[in-house]
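Reader: I am new to this structure. Could you take me through it in short questions and answers?

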Amino acid sequence: MRLVSSLQARLAIVIGICVTLLWLAAAAVTAHRLNEEMETVYDDGLKATAERILPIARHDLREGHAKKYVSGDDDDGDDEGDLRGAREARYGEDVTFVVEDRSGQVLIASKGADPSIFPPMSAVGFASTRTHRLYYDVTSDGRLTIAVAEPLDHRRDLSHRMLIGLLLPLLVVIPLSLLAILFAVRYSLKPVRALRQGLASRGAQDLSPLPDHGLPTELLPISASVNQLMDRLSAAFNAERAFAANAAHELRTPVAGAIAQAQRIRSETKEELTARRVNEIETTLKRLMRMSEKLMQLARAEGGRLRADEPSDLRTVVAMIVEDFQRMGETRIDLTLPETPVLSPLDPDAVGILSRNLVENALKHGAADRPVEVTLDTNGLLTFANDGAPLPPEAMDRLMRRFERGNIRIGGTGLGLAIVKAIADRVGATLEVISPRSVGDGGVEVKVRLPLA
């Protein structure tokens, strides 16, 4: 079914069948025409034999040598070998004939000729029986009649051998033709395969135009239409990302002002109820602030430039992120870095966004009394591991989607892993979530293998 659904297979099969049928039809027509020509040649030979033997037989009858040459009797005592050679030289080899007079009496016959295969002559010319092809002729005075016969089996055997000789080359030519057709179809459809691979590699993270150089004229309109669609999609995505980034950026200033006002009201009020409500307002505003920051990070991950002009050391970026958390009072992070630089072509900001989100998730969802391990090796493998309750298997893929949370009681925006996945997809990094950890029976490990310079 898959073979038939392939355009390449369909073309190869259809063309192969057509070429094979044409070869066989050409061979059949050639064999038929050749058989007709051979029949004509056989008949001409039969007629020439009769016209050659008849005057010789009349001369032998007149001279009285007929019995000597035809029957093989030898009154002079010559041996059988000499008579056979003389007879073949005079009448021909393997010729079956009879010479009769007007009464139908056989006067001369070839050696071993069976008179029953010679029906009475009805007219000068060719005649056929079930087993023989015959030619009749008469002398000019009408006194002698000759009938020359040729077995039809002899003709059929020659025709069969001729047909086999014609078909045998086809046993080699047809498979070679099929291989040539398969190669030609595969080579001709190379631009189609390139276009298919180009389309398959495109996605929401890659809307670059398809290359159209080298495409046949039949595929150029398809490539042009797809590129126009890519342009419209890219413009729509860019507008969406720009709107989200601008909206999140514009929200930061008023939200920060609202937080400051809430903190001022809390410091000035003496009423406990008012202070509690102000705390709730401040908590909500801070959550809104975090959400706006995550939205800006997501817009940066999906639409921003994630590769730098010059490679940078991943150790510096990861260490800087960990130090940020430590300055905020976080002491549970164990950082392990290699001694040699780990150079990567990625933009340091993109690596920082990725690392910050994974550290936040590990701290937030890990056990409060256990450390979070952050490890970078020389192969660009960045690992974030925390102890705690393992993730259920069904949650692995779900947590990669936007606004999905593993534990709603802990809180969070539900965008951290979505941001990490967007960055990993765009830069060609591999992202793997393992739970429980390879060491122990709980916890979560997130491994990101970043590209190296």
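Reader: Is glutamate 282 buried or exposed?

Author: This is a predicted model, and the values are computed from it. Glutamate 282 has a relative accessible area of 5%. Buried means under 20%. Glutamate 282 is therefore buried.

Reader: Which side chain meets glutamate 282 in a salt bridge?

Author: Side chains of opposite charge can pair when their charged atoms come close. Here the N to O distance is 3.1 Å. Both partners lie in helix H7 (residues 272–303), four residues apart, about one turn of the helix. The partner of glutamate 282 is lysine 286.

Reader: What is the relative accessible area of lysine 286?

Author: Lysine 286 shares helix H7 with glutamate 282. Lysine 286 is partly exposed, whereas glutamate 282 is buried. The value for lysine 286 is 36%.

Reader: Which residues do salt bridges with shared partners join into one network?

Author: A search of the whole structure finds 19 salt bridges. Some share partners and so link up into one network. Its members are Arg370, Glu373, Asp387, Arg437, Glu445 and Lys447.

Reader: How many residues apart in sequence are the parts tied together by arginine 155 and aspartate 43?

Author: Arginine 155 forms a salt bridge with aspartate 43, with the closest N and O atoms 2.9 Å apart. Both residues are buried. Arginine 155 lies in helix H4 and aspartate 43 in helix H1 (residues 7–63), so the pair ties together parts separated in sequence by 112 residues.

Reader: Which residue forms a salt bridge with aspartate 153?

Author: Aspartate 153 is exposed, at 54% relative accessibility. Its partner is three residues away in helix H4, about one helical turn. The partner is partly exposed, at 40%. The N to O distance is 2.9 Å. The name is arginine 156.

Reader: What is the accessible area of the nonpolar patch that includes Leu179?

Author: Leucine 179 sits in helix H4 (residues 152–188). Leucine 179 is exposed, with a relative accessible area of 55%. Ile164, Leu168, Leu171, Val172 and Leu176 are the other members of this surface patch. Together the patch residues have about 620 Å².

Reader: Which residue in S4 stands opposite phenylalanine 126?

Author: Strand S3 (residues 125–128) and strand S4 (residues 132–138) run antiparallel, joined by four bridges. A hairpin of three residues connects S3 to S4. Opposite phenylalanine 126 stands tyrosine 135.

Reader: What percentage of the residues in the chain are buried?

Author: The chain has 11 helices and 12 strands. The chain holds 453 residues. The buried share is 36%.

Methods. Residues numbered from 1 in each chain as written. Predicted model: local features only at pLDDT ≥ 70, side-chain atom pairs only at ≥ 80, totals over all residues. Heavy atoms only, no water. Patch = residues over 30% accessible without salt bridge, like charges linked within 9 Å, V, L, I, M, F, W, Y side chains within 5 Å. Areas by Shrake-Rupley, 256 points an atom, 1.4 Å probe, with all protein chains shown as cover. Salt bridge = Lys/Arg side-chain N within 4 Å of Asp/Glu carboxyl O. Helix = DSSP H or I, 4+ residues; strand = E, 2+ residues; numbered from the N terminus. Buried < 20%, exposed > 50% of the residue type's maximum accessible area, 1.4 Å probe, protein only. Pairing = 2+ DSSP bridges.
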